[in-house]
Amino acid sequence: MKKQYFSKKIFAITAASVFSVGICTPALAENATGARPLELRKIMQELDKNMQIITASIAREDWALVTKIAPRIAEHPQPPLDEKMRILAFIGADAGKFESHDETTHQAARALEQVAERNDGQGVIAAFANLQNSCLACHQSFRKPFVEHFYGQR
Ligand code: HEC
């Protein structure tokens with residue numbers, strides 16, 4: 001897990017590298033009807049699965065399992081570079097906002113890991129709620145526009 005230190009963000013990528021690869025080609029930017037699921041969606045489904053494992057672990061007071069799973073949420077994989085390019089081309093000036101939501105989720109999952117390590121049940125529940133809020137915040141801003149843009153659904 002530690003080896004992913006540099007890839008904790010979905011967008012651990014600089015504006016400079018974006019432009020050096022020349023992302024703004026229409027072929028990459030326009031794909032409203034392609035409908036092949038984004039890798040991002042699979043990453044999200046994996047986050048969802050790990051959140052469910054944590055819910056089950058809380059019910060069993062299995063803090064060791066929470067401690068083990070929380071970093072998988074914090075250090076979730078990133079989409080491949082070409083997909084990041086498509087996403088960045090779409091979100092444009094909102095990239096910073098998207099990244100900061102991702103960072104908030106990262107921090108919240110790390111905080112959850114720390115309270116779970118201390119076997120602090122109440123703390124785990126509070127930290128878990130906080131983590132869920134971080135997911136919700138990004139979804140409220142970005143999910144609908146993503147689904148509309150990348151899958152052409154309304
Ligand atoms: C930085 C923004 C961001 C954060 C943070 C984020 N998500 Fe998402 N999530 C998205 C976007 C965008 C979509 C829509 C992706 C798509 O439909 O391809 C999505 C979709 C989903 C979906 C629906 C997948 C499907 O099959 O349609 C689930 C489930 C999900 N996220 C879970 C989570 C969980 C759990 C967390 C927190 C641990 C989380 N997400 C945090 C941006 C985010």
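**Note on the largest pocket and the helix packing**

1. By class, the residues that line the largest pocket comprise 13 nonpolar, seven polar and four charged ones. The structure discussed here is a predicted model, and the remarks on the pocket and on the helices that follow should be read with that in mind.

2. The volume of this largest pocket comes to about 610 Å³. Its lining counts 24 residues, of which Leu-40, Met-44, Leu-47, His-139 and Arg-143 are the closest to the centre of the pocket. Two or more lining residues come from each of helix H3 (39-59), H6 and helix H7 (121-151), and H7 gives the most to the lining, with 10 residues.

3. Turning to the packing of the helices, H3 and H4 lie with their axes 9 Å apart and at an angle of about 165°. Since an angle over 145 degrees counts as roughly antiparallel, H3 and H4 are therefore roughly antiparallel to each other, and H3 passes H4 in a left-handed crossing. On the H3 side the contact is made by Leu-47, Asn-50, Met-51, Ile-53, Ile-54, Ser-57 and Ile-58, and on the H4 side by Trp-63, Leu-65, Val-66, Ile-69, Ala-70, Arg-72 and Ile-73. Sorted by class, this contact of H3 with H4 holds 11 nonpolar, two polar and one charged residues. Leu-47 of H3, which takes part in this contact, is also among the residues closest to the centre of the largest pocket.

4. Helix H4 (residues 63-74) also meets helix H6 (residues 95-117), and here the axes come within 8 Å and cross at roughly 165°. H4 and H6 are therefore roughly antiparallel to each other, and their crossing is left-handed. From H4 the contact draws on Trp-63, Val-66, Thr-67, Ala-70, Pro-71, Ile-73 and Ala-74, while H6 brings Thr-105, His-106, Ala-109, Arg-110, Leu-112, Glu-113, Ala-116 and Glu-117. By class, the contact of H4 with H6 consists of nine nonpolar, three polar and three charged residues. Trp-63, Val-66, Ala-70 and Ile-73 of H4 take part in the contact with H6 and also in the contact with H3.

5. A further pair is formed by H6 and H7, which pack at an angle of about 165° with their axes 9 Å apart. That angle makes H6 roughly antiparallel to H7, and the crossing of H6 and H7 is left-handed. The contact between H6 and H7 has, by class, 15 nonpolar, seven polar and one charged residues. Both H6 and H7 are also among the elements that give two or more residues to the lining of the largest pocket.

Notes:
Residues numbered from 1 in each chain as written. Predicted model: local features only at pLDDT ≥ 70, side-chain atom pairs only at ≥ 80, totals over all residues. Heavy atoms only, no water. Axes fitted to C-alpha atoms, helices over the stretch in contact; angles between N-to-C directions. Helix = DSSP H or I, 4+ residues; strand = E, 2+ residues; numbered from the N terminus. Parallel < 35°, antiparallel > 145°, perpendicular 65-115°, else oblique. Left-handed = near helix turned anticlockwise from the far one by under 90°. Contact = heavy atoms within 4.5 Å. Nonpolar A, V, L, I, M, F, W, Y, C, P; charged D, E, K, R; others polar. 1 Å grid on protein atoms, 1.4 Å probe; cavity = no way out; pocket = protein on both sides within 12 Å on 5 of 7 lines; lining within 4 Å. Points joined across faces, edges and corners; volume = space filled by probe spheres on them.
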